Each structure stands twice: as structure tokens, then as C-alpha cells.
Amino acid sequence: MTFRDAVREGIRDAMRKDVRVFLMGEDVGHYGGCFAVSKGLLAEFGPERIRDTPLMESAFVGAGIGAALGGMKPIVEIMTCNFSLLALDQIMNTAATLLHMSGGQFNVPLVIRMATGGGKQLAAQHSHSLEGWYAHIPGIKVLTPATLEDGYGMLTSALNDPDPVLIFENQTLYNMEGEALVSPGAVDIAKARVRREGKDVCVLTHGASLHKSLEAAAVLEKEGIGAEVVDLRVLRPLDDATIMASVAKTHRVLIVDEGWRSGGISAEISARIMEQAFYELDKPVARVCSAEVPMPYAKHLETAALPQVESIVAAIKQLVLGHG
Amino acid sequence: MAEFVMPNLGADMEAGTLVKWHIKSGDAVRRGDVIAEVDTEKGIIDIECFETGVIDQIKIEPGAKIPVGTVMAVIRGAEEAPAPAKPVAAPEPAAPTKAPHVHASPLAKKIAAELGVDLTKLTGSGPGGLIDREDVEHAAAPKKAPTPVEAVRVKVSPLARRLAAERGINLASISPGPSGIIEQADIERAAAPSKPEPAPAAKSGDGMRRAIAAAMAKSNREIPHYYLQTRIDMSAALKWLEAENAKRSIKDRLLPAVLLLKAVAKALGDVPALNGFWIDNEHRVSPAIHLGFAISMKGGGLVAPAIHNVGEMSCDEIMAALRDLIPRARAGRLRSSEMTDSTLTVTSLGDLGVESVFGVIYPPQVALVGFGKIIEQPWAKDGMLGVHPIMTASLAADHRATDGHTGAQFLDVLNQHFQTPEAL
Amino acid sequence: MAKNIRMNAPLPDHDRARRLLHTMVLIRRFEEKCVELYSASKIRGFMHLYIGEEAVATGVIEQLQPDDAIVATYREHGQALVKGMSAGSIMAEMYGKVEGCARGRGGSMHLFDAKTRFCGGNAIVGGGLPLAVGLALADKMQNRKRVTACFFGEGAVAEGEFHEAMNLAALWQLPVLFLCENNLYAMGTALRLTESVTDIAKKGAAYNVESAAVDGMDLLAVSEAAAKAVAHVREGRPYLLECRTYRFRAHSMFDAELYRSKDEVTEWKKRDPITLFFEAMKAASVLSDADFEAVEKEVAKEVDDAVAFAEAGTWEPVSDLTRFVYSEGQRP
């Protein structure tokens, strides 16, 4: 079973259980989904519930908000987060504000899924990682599933949530193989999770970088360095308690984020550590982020721009041993 | 009577200039009538009134720029009697119903409000006479001394600093690892029973003993000490002290230690090379003089907490600092800055009858000044032999940082300061 | 510009005429009071007045059912009043009081009321159109025969969302009434300076959306056109109705109106929708001067009561500041 299958099963099961759930977005029906996530769903549910939309991100996201207000449970797929900027007004000015602006009267139970991340030589306009950016906005929740269990379960939990939830699926994860889920269901969408225990340093990360960080931790274990890897899972609201517990345990912190460093989620996490766990730090907080460039096409340049196992290993060695 | 005021047409409107009245005194007006034109940042806007009645008084003349809310005219109901006439405001002074405008930065306004500074009394030093933050702070604390320059900081990780404080470890006694920064491991090494250290025969399990052991072992191991000593005639100093104390009540009297500290601070001002640190194979002179004063503890051991900026303190202030510090040191309630900031240590063992001191420098400091007991001795002065109170002052200094020449200069000026106590 | 109201619309009976007059006068006097309170700093933020455009909301909303929804823009006091929201809750909202229709979190531009399905003034021009399409989609998917009326100015027509929403509503055959209040100025920029085709009703054809334009100063014409439009929408198809109107007041409070001449405003004021309607009704002996006076009296009391309600209102405790960022308790 792949991550793609897990997300598809999440959508399928939700639609079977609740007639209010429907999927809309560009190429979700006849094409089968840009990343083949919704392949086969049109045949099962028909065009009323698997709705191909024109290329109008603002309108179909806005329509999703309206449908949610009207009692439906829409899953809106924005092909990639790069195009979500065309719908940013609807997400930020309407979905995120409506409940508060209406004094608690109009909540928006909307789920927006989008692919995120680089690494496939798609160049500057198709490789953004904007999940940290969206995490800036109060009123929405931001999820970054990185396991099959979360790929299925976060969608289920998001549909149960009364407020707008954005799910960022890293496009490099869709082919990731894993054990078939035994009894898939809703998962917690408030907590980070320690994916690997360690005593020397904690690595705070999410999405595709989780797997790179786990790989780095395995390399370092052979050299006697114990890296704890925390999967943040939820970028808004951040689970401060789990983060600070890991900081207090290891006293050294590396944040790995595919977003840019300046003003990114890594900066926010670092600031919170200063606020809440300063006296636990034995080293300055370190970060491995994407290079501050529009993503280049050429493979070697793209590789250099993104966090990689090697750069994570080097950053951890610098933290723990004082040299790379 | 109803007031017709300069309306507030938006969050960005603070004032308006009356361009023209459409009415005159005695005219009848109806709710909704446009009765004035007002010029704003956005252009001229028609202003309507919200009352029906008769214009009783006009208070503002065209040309006046007035803040929002200022009364421009009074409207009386059709049946009301006119109010006694009052002079009409001329355009220039423009009815200052609100505080006069001050040209100050937003930050300056905020700070002024916090500090209770009246901005209208200040002259701004910024561009175009703008009152800025510094102007306000200067006005709020005109006599405040300039902030003393910080001593060269030993870099310590937040965790290490917390652990040291919790365990009563003097960070000055800790040597950093390869990073040059004191970290958790360095604290734990210092706090751990010093297995590999060829430490003094201290079996005491307490952290302080271990910390002293570690620091002194490190000092002896790493610092190439050189020692100098000189004998100082304390006649003038003691005489001055006696006279000073005669003026004071018992509780305000000065101890000789005050003079010692003051003279050392003065001498360091003259010979600053001894005041500072040896860190990362580098001699770092500290611009501030924070003297560590060795205080022996009742249960054994000693601490040398810093008295900050001794050079800038009066004798009474030093005395007060000592009175505050000694009991706190003995109760183990020192502040972390006192544990780490010393730039030179002074140790006086005269009370115990010792004649002279050969000290061990506290790393990363580069010198230690020791004082022995003041003993009456035969002393020749101006060709006359007499009995004088004599004290031996000694210097232990780090040969990596300074040479004997510097040390000798220091002891020489130290002696001179004791001969002119009134200048202390 | 015909000065008199068209008389080919069916004549209303006395009760309906009086009700319509009352509605328009209520909007007018309520907003005049708002100007006064704004000038006295009781109301803050941006405030946009509907004065001059009263016939549009009054005529259109008369044709809606109580469970039809409205999505409006920031110039929405009129629609909110006509849809049945209380003047007191609107005034309290503008005061920023917790008794306001959005607990003082929205202000003049963001009036909300779930009970009357008033889904907000959206202050992003064009932002409400997709929302209305989605509400209609939900109705269609749940087999409900409700109408969603979306009010927007002619300025929104320049936004991409207008075209996206029209296309999607037509493509999916959704029950949306697109109601364009063309008052000729997008803030301070004239329609002729922003649109290559200034005849907005014509734009419906590009999306296969049935469209019409109507004199927005003529209450009965608006009402008649709206009746036709709403009937069409209730059958499950979108409709674009352009109401040609004019605002007598500035765009918002702090506006020197440099972009239009006083003569132009004076000329339009001769076609004041309240006067036009009342004079026509009087000429047809449907209403009398006594009716007008009685309406004025009733409205004056309603406005006074609204102000008293707002004045007596309370401030939401600051400790509630972060409430409603997320829902409190799960929805079933």
C-alpha cells in the first residue's frame, strides 16, 4: 500500500459513510487526480460527488466555503500549493475569518488538500513548500501527514473538524510504500509524535523531511549519536508540549524544514523554544531549511537547495560534536 | 443648546481646516443641512449639522485648523433664548482645546507616557526638532550615570548557566571545552567527583569544594604564575580611616577592606592589563572593574563574588556592598552575575594573622592581589627610623598575559594610592 | 433619465406600498443617524452608506423567502435591515458592543445573522461571489429549493471572481441570483474608466447566464425585475440582474468626492427613490401625506430605539478575545 492509496482510502471511506462529503478540484474526476489520488472514485461516486472544476482556484475554494456553510462537507483539492495562492484570498480572508468575524455564528467545516514540496525537478513555480506560510493564519488548522496512517487518518479527522483544515501532502511521499493499514480511522490532529527516541539531539521536522531525518538518525546511531526525531504533524496549532519535552530531554535542537528559513515555521519553532525552554539549551538552535532561492530545475542545484540526509547528518554532528 | 463640532470622518482624520461657513449667526438650520466646508488631507468635505434650530454663536473663523471634536458653533433650539455673546476665536491661535501639538516620535510618546515626561517641555534633537527616545530618556534621568561597559563575557550555554546556579558552581572556575563555550558537559565535569584531576586532598563531597578543586587544579596546571610582593606603609591610610570613622556612626564605619578594594580598583585603572581574562589563548582586558572579594565560608571553602564597577563607587558604597555581600555569600545566596563577572580577585588574609599571600589565580582571570596583616614594624622614612603600620601586598599574575614589569608597575601605583587616601 | 416612476408596473395595494415606503425610509433615517454617530466617534472603522440605493435592496429582497440566503458586500446596512435583522443589533454592532449581530467583531462592513441567513458583508470586492455559488451548490446537492442572492457593486465585475463565479454557477446550473448594484463608481473610479463594456447585463451572455438591467431608482421596476429573476433562480438556474442606481453620499465617510461633480449628484438626487415612489403612490391615491408622516414617526422611534439599544450595550470582555477563532465544541 502506498501513501497515495492511504489518502484515497480515506476519501473513499468518508464518502461511503457520509453523503455530505464530496470532492472537487481540477482534474479530480475524469483524469483521476493530478497525482492519481482520486483515481477510480468518479466511477464509484459519479460526477455529482467527484466534481471536476474549471481552472479557477479562487472560485472553487470559495464555493467550497459556501457549500460548507450550506451544510455539506466538501473536500477541495488544490492541485498543488503553488496554485493555492490564487485562492489565498478565499482561504485567508474568508475561510479563516468567518467564524470570528461573525461572532461565532458561521463555522466553515471545509477540508482543503494540496500537494506540496519540491524534489521532482519541477522548477520554481511547482516546487513551493507553503505549509509553514499557511501556519501563520489563525482560524485554520495546518496538517502535514508523513505516514500512511496519517495520510488516511488526518483526512478523516479533518472531516470531523468543525473548522477549515488544510492538509499538505508532500508530492514525494505519494509513492511511499508501507504496511497496509489494519484498522484505519481518525487520528489525533493536535499532537506531534516522537518517531524515534534519542538522547543527544532532537530533530523537529515534518512531511518528507521526516523520512530524511529518520535516515540521518540511523546513520548517526552507528557513530554513537542518539538523535530523537519528532514528527510535528500539525503546524497549526503547534504542539509546544511535545517540542519542549524533547528539548528538555536532549538540550540540542535541529529543525528541518523544506520551507525557506526567513520568517518560516522553523523560525517560529525556534522562537518558541527561546520563550519556553531557553534554559534547557546547551547549544544554539540549529536549522536545515531550503536555500533561499526560487527552486532551480537542474537536478544538482535542486538537490543542493533542499534539506538532504547529508546536510541533516552534518548539522547534527556540528551540534553534538562541535564539528561536521 | 447643541454644539456643532469638527466631525471625525475617519480613523486617519485628526484635524480639519474650516474653509467656509454656509451660515451666519442667527440663521435657521435644519438637520442634514450642509453648513460648513472643511479642508482635510483628502480634500474639501461638506459638513452637515445634526440639529434643527438657530445658529447662536460662531466660535471658529475660516482659516482655522482645529482638532476633531472642537466646538465650531452653538445651535440653539428655535424657542431657546440666545446665550450671552462671547468673543470669537481668531484664526491663528485656533482654539487649543486639546494639548498643543508636540513633534515627537511614536516611541518617544510612549516612553514619555510611561516615564511621566512632559513632552511640551522638551526640545527635540532629531531631524526638524523631532523629540526622540533619547531626548525623553535624558529628560527622565538627567543625572543617571552612563551604563557601565560590560566586562568581557564568558560564553555559557543557557543550560550550563542554569545548572551552575543550581549547583552553586562558580562559572569563573570552569574551563570551556573545545567550543570555547561553557556547556552542560563542562559543568558536569566540574561538579563530578574529580577522578582524573590531580586535585588537592579534598574528600569533601560538596560541590563547592569540588569546584574549588577543579578551578585551582586547572589554574595550577595551566597558568604560569609569577609572584611579586611589596611592603606598604599604611600610616596615612589608617590615619585617614580613623578620621573618617570618627565622623560616622558605628554602623556606618568603614572597614580597612574598603580601602584595599578602592586602592586596587584605582591601581587597575592605571595599569589595566591585569584586569581581565585569558580566553582562547587571548588576553582580553576588561574595561569594567569588577573585583572578586574572597570570602571564607564557615564550613570551609571560599567564594569570591564580584563587586561590580568598584572604580566608580565611593568608599561608603563599597562598604554597603560588602555588608550586603558577605552575609549573602555565607548564606549561599549569590546572584549568578556575582559568581561570574569578576575581573580580578582580591584576597585579604590579614585577619588570620598571615603576613603575606601567594595566591592562585581564578581562571580565566589573569591576576590576584593578596593582602597580609598590618603589622607595626621599624620603618625608615625621610631618614628617620620609626614604628609604622606595614602591610605586605602581593600580586600573583598570569605570565601569558603580562610580565613582571607590568606587575611591578601595578604594585608601585597601588602603594602610591595608599599614601594619598584622601584621593580614594 | 426619466424623472417619473414608470407606471406600467402593477400598482401595489396600500399595505404593500406603505410597507415598502417604511423599509426605504428606515434605511435612509437609520443611515443618516449613522453619519451623525460616526461624526461623533461613536462608530468607527470604514462605513459605507446606501443612501440613494434603497430601492434596490427593498425591491429585491421583497421577492425572497425567509430561508433564502444573502451574501453581501460592505455596503450592506440596507440589505441587512430588509432581510429582517433588527436595527438595534446592527447599530450595536457598529458601536462594537457584544449585543451586536456579530458581537462587535465585524463592525459596519461585516454584519452577520445566521437566523435570517444573512451570510455577511464581505469586504473583499468580489470575495462573496464564489461563496454564494457554494451555498447554492449545497442547496442543489441537498435538493433544497432555496435561492442565494449575492449583492455586489459594479466594481466587482472587474474582478476575476465575478467571471469565475458566473461560469461555475452556469456550468453547474446553480440557484444564484447575481445582483449587481451599479452605482457608477468603484470607490472613486468611474465605470467608464474601468470597463471596456460598461453594459454589465451584457456580460451574462458570455456565460449563458440570463440577464437583465433595471432602473435601480424605480422601486416597482426593481421589484418586478427581481420577481422574474427569483422565479428563474428558484428553478435552479443563475440569473444576473443589474440595478442601475446611484449613491448620494460619499463612498465612505472620509471622502472629499473629488471624482464627481456636485451637479451630477444634484441631478441624481432629483430621482431620489423614496420621493419617486411616494409621489407616484400619492398620485395614484395609494398613499397619502399622512401615511408618510406616520412612517416617519415609526421610523424615528425605531432608530431611537436602535441607538438606545446600542448605547445600553456592553463590551465583550477582553478575555473573550480569542473565542471563535476555532469552534467551541464539535458540530454533529
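Here is a chat between a trainee and a mentor about the predicted model of chains A, B and C.

Trainee: Before we start, what kind of model is this, and how are residues and chains labelled?
Mentor: This is a predicted model, where local features need pLDDT of at least 70, side-chain atom pairs count only at pLDDT 80 or more, and totals for chains, interfaces and linings use all residues. Residues are numbered from 1 along each chain as its sequence is written, chains are lettered from A and ligands numbered from 1 in the order in which they are written, and side-chain values use heavy atoms, with hydrogens and water left out.

Trainee: What scores does the predictor give the complex?
Mentor: The complex gets an ipTM of 0.93 and a pTM of 0.72.

Trainee: And what's the mean pLDDT of chain C?
Mentor: Chain C averages 95, and 97% of its residues score at least 70. By the way, pLDDT is the predictor's confidence in each residue, from 0 to 100.

Trainee: How about chain B?
Mentor: Chain B has a mean pLDDT of 82, with 88% of its residues at 70 or more. Within chain B, confidence is highest in strand β17 (residues 367-371), at a mean of 93, and lowest in helix α9 (residues 336-340), at 74. Helices (H or I, at least four residues) and strands (E, at least two) are DSSP runs, numbered from the N terminus.

Trainee: Where in chain B is the pLDDT below 50?
Mentor: Residues 143-150 of chain B are below 50, and that stretch has five contacts in the model beyond near neighbours in sequence. Contact here means heavy atoms within 4.5 Å. Residues 194-205 of chain B also stay under 50, with nine contacts beyond four places in sequence.

Trainee: Switching to chain C. How many helices and strands does it have?
Mentor: Chain C comes to 10 helices and eight strands. Its radius of gyration is 19 Å, close to the 20 Å that the globule rule gives for 332 residues, so chain C is as compact as a globular protein of that length. The radius is taken over C-alpha atoms, and the rule is 2.2 Å times the number of residues to the power 0.38. Along the principal axes, the C-alpha atoms of chain C fill a box of roughly 55 × 50 × 40 Å.

Trainee: And chain A, how many of each?
Mentor: Chain A has 12 helices and 12 strands. For chain A the radius of gyration is 20 Å, close to the 20 Å from the globule rule for 324 residues, so chain A is as compact as a globular protein of that length. The C-alpha trace of chain A spans about 60 × 45 × 40 Å along its principal axes.

Trainee: Now, how much area do chain C and chain A bury between them?
Mentor: About 3,500 Å², 63% of it on carbon and sulfur atoms. Buried area is the accessible area (1.4 Å probe) that two parts lose on being put together, summed over both. The contact takes 41 residues from chain C and 47 residues from chain A.

Trainee: How many salt bridges between chain C and chain A?
Mentor: Zero. A salt bridge needs a side-chain nitrogen of Lys or Arg within 4 Å of a carboxyl oxygen of Asp or Glu.

Trainee: Which part of chain C gives the largest share of that side?
Mentor: α5(C), with eight residues of the side that touches chain A.

Trainee: What about chain C against chain B, how much gets buried there?
Mentor: About 1,400 Å², with 50% on carbon and sulfur atoms. Glu36(C), Ser39(C) and Phe254(C) supply 47% of the area that chain C buries against chain B, more than any other three residues. There the contact takes 15 residues from chain C and 17 residues from chain B.

Trainee: How many salt bridges in that one?
Mentor: Three between chain C and chain B. Asp46(B) forms a salt bridge with Lys262(C), where the closest N and O atoms are 2.9 Å apart. On the chain C side, helix α1 (residues 14-39) gives the most, with six residues.

Trainee: Last topic, the backbone. Which residues does a cis peptide bond join in chain B?
Mentor: Pro363(B) and Pro364(B), with omega about 5°. Pro364(B) sits in the loop between β16 (344-348) and β17 of chain B. In chain A, the peptide bond from Arg236(A) to Pro237(A) is cis too, with omega near -5°.

Trainee: And which loop holds Leu184(C)?
Mentor: The loop between β4 (176-182) and β5 (185-186) of chain C. Leu184(C) has a positive phi of about 80° although it is not a glycine.
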